[in-house]
Amino acid sequence: MRVCGVELKGNDAIICVMTRENGLYDIPHIRVPKISINDAGDAEQMKKFQFTFAKFLSDYKIEHVVIKGRALKGKFSGGPVGFKLEAAIQLIEDITVDIVSSTYIKSAWNKTQVNIDFRDTGLKKFQEEAFSTAFAFLETK
């Protein structure tokens, strides 16, 4: 199964693609570590973001998108732009989108018997949460 882990932060969708086959994990090299939008209030830019994300998914033959959920209110709540980006991703046709909580991710990491040091993945530091999201999802499937 090939999944795309996503962390929404500000105007960016930070991404990490990961596959799991026969118990082996693989992180293929991707051309962009994040997809951004300048003005989320502009409908054309939202459409362009959605088209770009959908094209990315089809180029890498991704079947499943897993988004790290954010709180709806409180100190650590997500901003309005992040929720718009989340909706744009969820509305892309022919893909399955799951939103997973931080608790779900931590629980999967605690139960796993696979020991992965993030520094050995070759990913950039800012992709760590997207990586954790994708790994946790694959580990529980």
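Colleague: How much area does the protein chain expose, and what share of it do carbon and sulfur atoms supply?

Modeller: In this predicted model, the protein chain exposes about 8300 Å², of which carbon and sulfur atoms supply 51%; accessible areas come from the Shrake-Rupley method with a 1.4 Å probe, and for residues only the protein chains shown count as cover. Local features need pLDDT of at least 70 and side-chain atom pairs count only at pLDDT 80 or more, while totals for chains, interfaces and linings use all residues. Residues are numbered from 1 along each chain as its sequence is written, and side-chain values use heavy atoms, with hydrogens and water left out.

Colleague: OK, and what share counts as buried?

Modeller: Of the 141 residues, 41% count as buried, meaning under 20% relative accessible area, with exposed being over 50% and partly exposed in between (1.4 Å probe, protein chains only).

Colleague: Which residues touch the most others in the largest nonpolar core?

Modeller: They are V6, F53, F56 and V65, in a core of 25 residues; such a core is a set of buried Ala, Val, Leu, Ile, Met, Phe, Trp, Tyr and Cys residues joined through side-chain atoms within 4.5 Å. Helix 1 gives the largest share, 5 residues, where helices (H or I, at least four residues) and strands (E, at least two) are DSSP runs numbered from the N terminus.

Colleague: And what does F56 touch?

Modeller: Leaving out residues up to four places away in sequence, F56 touches C4, I15, V17, I30, R31, V32, I35 and I62, a contact being heavy atoms within 4.5 Å.

Colleague: Switching topic, how many helices and strands are there?

Modeller: The protein chain has 4 helices and 6 strands, in the order β-β-β-β-α-β-α-β-α-α along the sequence.
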